[in-house]
Amino acid sequence: MIPSFEKRVRAFAIDTSAVMLMLMIAYPMPQTFPGALGNTLVYVIGLGGFLGFYLLPYLFSSGQSFGKRIQKIKIVDVSGKDVPLWRILLREVFKLAMSIFTFGIYMVISFFILSDQSRTIHDYIFKTKMIDLEKRTERDHYFGTTESLKKKGL
């Protein structure tokens, strides 16, 4: 099943928010620990957050970061099989590098070019796609899930 645009954006936002939280924790370290220790802690915490939330989860969960796991989506091969770890890591490094070097413009363009097969630019390059692990009916796709309809009073 193809995940919605919102699920992909939320998954990326969850991972990015976690990294930003780590950077916010690292920022006051030079004032807390003056000298080389404080500066070193900034880089260690910042790099640890970056690696720990963007790349490390793929070592433990095939095709899922923390955000993807929460949103119940997964990276798979074009044929639907699990993707080798090296290809997932290259895909993520490419996506993050392009996002950083273009100041986020790549992500905006990439998400708006999202195809009907749930493939973005980096998915085409690395021959991957995203799948939704939640079971949804045709009715849920158009009207929302039973839970969301109850919240709306329908």
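Biologist: Where does Gly52 lie?
Modeller: This is a predicted model: local features need pLDDT of at least 70, side-chain atom pairs count only at pLDDT 80 or more, and totals for chains, interfaces and linings use all residues. Residues are numbered from 1 along each chain as its sequence is written, and side-chain values use heavy atoms, with hydrogens and water left out. Helices are DSSP runs of H or I with at least four residues, strands are runs of E with at least two, and numbering starts from the N terminus. Gly52 lies in helix H3.

Biologist: Buried or exposed: which word fits Gly52?
Modeller: Buried means under 20% relative accessible area, exposed over 50% and partly exposed in between, with a 1.4 Å probe and protein chains only. Gly52 has a relative accessibility of 18%. So Gly52 counts as buried.

Biologist: Which residues is Gly52 in contact with, leaving aside its neighbours within four places in sequence?
Modeller: Contact means heavy atoms within 4.5 Å. With those neighbours set aside, the contacts of Gly52 are Pro57 and Phe66.

Biologist: How many Å apart in space are Gly52 and Asp15?
Modeller: The two are 37 residues apart in sequence. From C-alpha to C-alpha, Gly52 and Asp15 are separated by 9.6 Å.

Biologist: What distance does helix H3 reach from its first C-alpha to its last?
Modeller: H3 runs over residues 36-54 and has 19 residues. The expected span of a helix is 1.5 Å times one less than its number of residues. For H3 that is 27 Å, and the helix comes close to it, reaching 27 Å.

Biologist: What covers the buried residues of H3?
Modeller: Those buried residues are Gly38, Ile45, Gly46, Gly49, Gly52 and Tyr54. Their cover includes H1, helix H2 (29-32), helix H4 (57-60), helix H5 (66-71) and H6.

Biologist: How many helices and strands does the chain have?
Modeller: Along the sequence the pattern reads α-α-α-α-α-β-α-α-α-β-α-α. The count is 10 helices and two strands.

Biologist: Among contacts between residues at least 6 apart in sequence, how many, as a percentage, join residues at least 24 apart?
Modeller: The chain has 154 residues, and buried ones make up 36% of them. Of the contacts in question, the share joining residues at least 24 apart is 62%.

Biologist: Which element gives the most to the largest nonpolar core?
Modeller: A nonpolar core is a set of buried Ala, Val, Leu, Ile, Met, Phe, Trp, Tyr and Cys residues joined through side-chain atoms within 4.5 Å. The largest has eight residues: Phe12, Val19, Tyr54, Leu55, Leu96, Tyr106, Met107 and Phe111. Helix H1 (5-26) and H7 are the elements that give two or more residues to this core. The most, three residues, come from H7.

Biologist: How many residues are in the other core, the one with Ala11 and Tyr58?
Modeller: In soluble globular proteins, nonpolar side chains tend to be buried together. In the largest core, Met107 is in contact with Phe12, Lys95 and Ser99, neighbours within four places in sequence aside. Apart from that core lies another, including Ala11, Tyr58, Ile75 and Ile88, and its residues number seven.

Biologist: Which residue does Lys74 meet in a salt bridge?
Modeller: A salt bridge is a side-chain nitrogen of Lys or Arg within 4 Å of a carboxyl oxygen of Asp or Glu. The whole structure has eight of them. Lys74 is buried at 16% relative accessibility, while its partner is partly exposed at 46%. At 2.9 Å, N to O, that partner is Asp82.

Biologist: Which residues join Arg91 in one network of salt bridges?
Modeller: Arg91 pairs with Glu92 at 2.5 Å and with Asp123 at 2.7 Å. The pair of Arg91, in helix H6 (residues 85-101), and Asp123, in helix H8, links distant parts of the chain, 32 residues apart. Both Arg91 and Asp123 are buried. Through shared partners, the network joins Arg91 with Arg8, Glu92, Lys95 and Asp123.

Biologist: Which side chain of opposite charge is nearest to Arg119?
Modeller: Arg119 sits in the loop between helix H7 (105-112) and helix H8 (121-126). Lys and Arg count as positive, Asp and Glu as negative, and His and the chain ends are not counted. Arg119 is buried yet has no salt bridge. At 5.9 Å, its nearest side chain of opposite charge is Asp123.

Biologist: Which residue has its backbone oxygen 3.0 Å from a polar atom of the Arg119 side chain?
Modeller: For Asp123, the backbone oxygen lies 3.3 Å from a polar atom of that side chain. At 3.0 Å, the backbone oxygen belongs to Thr128.

Terms used: Polar contact = N/O pair within 3.5 Å; in protein donor to acceptor, adjacent residues only side chain to side chain.
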